[in-house]
Structure formats: C-alpha cells, structure tokens
Amino acid sequence: MKPVMSFDYSRQVVVVTGGTKGIGRGIALSFLGAGARVVVCGRNPPQEPLSAKGNTAEFIVCDVRDMEATNAFLAEVIARHGRLDVLVNNAGGSPPANAATVSPRFHEGIIRFNLIAPLNFSQAANAIMQQQAEGGAIIFVGSIGALRPAAGTAAYSAAKAGIAMLAWGLAQEWAPKVRVTTVSPGLVETEQVEVHYGSKEIAAAVAATIPMQRMATPQDVGNACLMLAAPELAYATGSNLYVHGGGEPPVFQDVVRRMMKART
Amino acid sequence: MSVRFDYAGQVVVVTGGSSGIGRGIALGFLGAGAKVIVCDRNPPLEPISAGGNTAEFIVCDVCELDAINALMAEVMQRHGRLDVLVNNAGGGPPVKAAKASPGLHETIIRLNLIAPLNFAQAANAIMQKQEQGGMIIFIGSICVLRPAPGTAAYSASKAGIAMLAWGLAQEWAPKVRVMTVSPGLIHTPQSDSHYGGKEVTAAIAETIPMKRMGTVEDISMACLMVAAPEMAYATGSNIYLHGGGEPPVFQSVVARMTRPAQK
C-alpha cells in the first residue's frame, strides 16, 4: 500500500518506557523510522538492537516503579541529548489476577506499575519539557481495559481507566506547553500472543471476532503515537484514542452464532 | 511541518463544505493533493483552492435522501470512485427544549444524526465495491461529552454520532473504516458573533487549557490523519480536538470571586 502519511521527527528526543519488546518496541521502531533519537528503557536490554532506517535506539536500564531510577534515567537522557520532546509511557501490564484471592500487596503492585509509575515518570518529564521553548508531548499507553473490565483484570483495568483520566487531567494542568494524550490499544499481536491466548489457533479465532478481522500490530500503536505526538495535532491534548479495530462486539452475538451453527 | 500527506488520486467528499469547518477540511485535503467535492445548500462565496487544486461544488441538501443519491451518482459519474466521506454538515440554533416545536427538534436530529447516517449508508455501498475500501469521518462535537443549555437535541444527536460511527465501524469493517472527529470550541468567522463579540471569545479562550479556541486547521489536520490508511486500526474511535477540554465552571467562579480587587 502506498503510504499516505509520513512523519519527520528528526532532531527530536523520544523516550519509550518498556521499549525493549512488544508494543513498546513497535512504538520505538515507529519513531526510529521517522528519524527521531530514541531512548528505550526497561529492566532488561532488548534481545537485539532496535533499528529502523539505519537509526538505532539507545537502551538505558530503568525500573519505572523506582522513582530514583526514573530521575537517574532522565538525568542521563538530558546529559546525553540535552532535551526531551516525547515521552511514551508504555511500561505496564499484569498477569491475570483473581481479585478475590490475590494479596492486597499484589493489587497495589499492579496499580503502582500501571498508574502511579507513569504518573511519576510524567511529572519528571514535564519538569524538563516546561523549560523547553517547544514544550513537549507525553503519551500514555492505555488499554481497551479503560472501556470494559475482563475477569482477571479488575485492578489492571481500573489502573488503565485511571490512566485515561490522568492524561486528561495532566493535559489541563500542563497546557499549553506540554501536551498529554492516551493511546488505547485493543488486543495486540505481540511475540507473547500464543502464551497469552493459549495457541495460534485460539489467537486466530479471537482475531476473527474483531471487526477488522485481525489483532492490532505494535506498528498500529506506533503510528497512533506518531500522530498524537505531532505538534500539528496539539489541540487534541487530553484525548484518548482507541486503536481497537472497531472494538469488541458483545459476546452474546458470538454465542448465538456458534449455537445456531451447531444446530444446522 | 513534521507530517506530510499524499492523497493524490483519492476522491474526497465534504458535506457542508462551503464555509466554516467544512471549508477548512476541504482545504486540507486539497493541499494534500486529493480531488475534493464539497456539497452544501449554497456554493462557497469564492472558489476553495489550495496549491492550485480547486474543489468542485455540487448543491445538495443533506436532509433530502434523493439529493444525497443524486450527489453520489454525480460524483461517481465524474470521478468513478469515492475514497473519503467527511460528514461535516450539521449545526443547530440555540433552542430552549421546553419551548421548541416538536418539528424543530426533529429537524435538529434529522440534520445532525439521520442525514449523516443516510449519507454514510450511500457512501458505504460504493466503498464496499472498491478494492481499497474507503473511509467515513463524522464530525462530532464536545457535546458528545456534555450538554449545554440550549443544545439538548443537538447534543443528543452528536452523542448519537459517536456511537453511530462505532456501530457502523463494526458492521462495515474491514473494508470501510469509520471514525469521529469531535471539535471543541472552534474559532470561525462566525464565532465572534455567535458568542457575543471578540472580547467574549477572548475570555472564553482563556478558560481552555490550551489558551485558545480550536481552529478549522486543527480539525482539518485531524481528518487528514485519521483518514490515512496508516491509522486503519483506529476504526470506530472518536478523537476530541478540544484543547484539553473544559475545566469545571466552579473553578472559574471561585477564581473570579477570590481575585484581589483591581487597583
């Protein structure tokens, strides 16, 4: 397909948390492809260097739940590059958790990782961006979990619903210099997809329930980040963009279809 | 500019494209190389052109189903395809819901919800037959998020638009993508008289986190971005261009009444 939209992020410094694999890796690759200087952080380095169009991401180790590590990380970014234009708060996630039986500590850990850590990271980034003539853009990676919970994700979905409102609130406080938006992916096909859904076959059946007839790719999310970080879309600050392929038609329709088919 | 578009070879229809936001959207697609057709009840005051590319005008009252079908037939006859439809036509005068006639209420909902649905249905019938499918954009409003006195029926229509776009996205995927672009308060040539003068619009702009009203260019840019096939997976979504939205009014009241007296 002929590209219709192309971005130029050359000379911009972009940080992607949790950028070594999965969605974060896709986001980093999108900005690398658009010419940005990209720094990814994670608890472990990427398995192989992240490169697009001859442009390679830097890696700095950082556990985003550790405020001191966050401050040290951003100090290192500024020491190396002197500026920070885009922060993508991508690090997050949770194993399925039974809300009735997991420990309060575990619940708190999920909310710290998915809501508090990105807030802390953003506060540190905003302090830098407010001092730059061009300001900056902060993107939170939300989730379709902000639209609906799913069994096993109560605390995670609450954190992600919180992210969408957090981004809106920060957008109000930090405008006009710093813009804050959310990109909320639906079901995403990453290297973990088989682990997550059980098998390739199940993942394909899940994909068939989505109106777009496929799961999102990390690149879909990366494209959305390129769009929302662009100064041309500054007035969208505070918004939450779902990248969910049309979302999830209600499950009762799937039940009806399956049972009618079994009858014939 | 950090973003570039190439809509060359694509045919774009903008309803209500003669003035205001619609005209701005038309200019955006013209600048990106698209073949643009605007429809409206009246032609633009002067031709709409960008980069030597001029929009065609076809008269159409979007509330008339026959007029919609005639417009689509004319577009197909001239250009043989339809890639992007922007359902922009809409609006409504401020009306008190207690006193408006049922006829007026129905007209507001017909213009802002039913007409765009009819238009989208006609466009989808064409787009489903095209190998590349197509894109339908609805222009929503910040009224999807909140009503305002005088806009009950209008706001209900716009809330409906956001859900309509999502529903159509589910039914018409994967070939035809459907999205909503929802402007906040937009500065147009009409907005000063709409809000009661330049001073008033300036004071309103101060209440918006971005410290300005939106522009037609903000909306046009969002349309160019979401119509791009690179954003295909965002079908069904609604993006707000509201400059951070509206902080609650109580904060303004408190700030005003606790401000130190002026010298």
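**Exercise 1. Find which residues R37(A) is in contact with, leaving aside its neighbours within four places in sequence.**

Solution. Start with the contacts: R37(A) meets Q12(A), V13(A), V14(A), E58(A) and H81(A), where contact means heavy atoms within 4.5 Å. Next, place the residue: R37(A) belongs to strand β3 (residues 37-42) of chain A. Helices (H or I, at least four residues) and strands (E, at least two) are DSSP runs, numbered from the N terminus. Then look at H81(A): the C-alpha atoms of R37(A) and H81(A) are separated by 8.7 Å, although the two are 44 residues apart along the chain. Finally, R37(A) counts as partly exposed because its relative accessibility is 43%; buried means under 20% relative accessible area, exposed over 50%, partly exposed in between (1.4 Å probe, protein chains only).

A note before you go on: this is a predicted model, in which local features need pLDDT of at least 70 and side-chain atom pairs count only at pLDDT 80 or more, while totals for chains, interfaces and linings use all residues. Residues are numbered from 1 along each chain as its sequence is written, chains are lettered from A and ligands numbered from 1 in the order in which they are written, and side-chain values use heavy atoms, with hydrogens and water left out.

**Exercise 2. Work out where T237(A) is found and whether T237(A) counts as buried or exposed.**

Solution. Look first between α7 (218-229) and β10 (240-243) of chain A: T237(A) sits in that loop. Its relative accessibility is 1%, so T237(A) counts as buried. Now list what T237(A) touches, not counting residues up to four places away in sequence: from chain A, the list includes A171(A), V178(A) and R179(A). From chain B, it includes M210(B), H242(B), G243(B) and G244(B).

**Exercise 3. Describe how Y7(B) and F29(B) form an aromatic pair.**

Solution. Begin with the whole structure, where a search over all chains finds five aromatic pairs. Rings of Phe, Tyr and Trp (its six-membered ring) pair if their centres lie within 6.5 Å; planes under 30 degrees apart count as stacked, over 60 as edge-to-face and the rest as tilted. For Y7(B) and F29(B), the centres are 5.1 Å apart with 75 degrees between the planes, an edge-to-face pair. This pair links distant parts of the chain, 22 residues apart: Y7(B) is in the loop between β1 (3-5) and β2 (11-15) of chain B, and F29(B) is in helix α1 (residues 20-31) of chain B. Y7(B) counts as buried because its relative accessibility is 0%, and F29(B) is buried with a relative accessible area of 0%.

**Exercise 4. Trace the surroundings of β2(B), starting with how many of its residues are buried.**

Solution. Count first: five of its five residues are buried. Then split the faces: V11(B), V13(B) and T15(B) lie on one side, V12(B) and V14(B) on the other, and all are buried. Next, find the partners, remembering that two strands pair if DSSP finds at least two bridges between them. Five bridges connect β2(B) in parallel with strand β3 (residues 35-40) of chain B, where V36(B) is the bridge partner of V12(B). The path from β2(B) through α1(B) to β3(B) is a right-handed β-α-β crossover: with the strands pointing away from the viewer, the path from the first strand over the helix to the second runs clockwise. Strand β7 (residues 84-87) of chain B also pairs with β2(B) in the parallel sense, over three bridges, and there V84(B) stands opposite V12(B).
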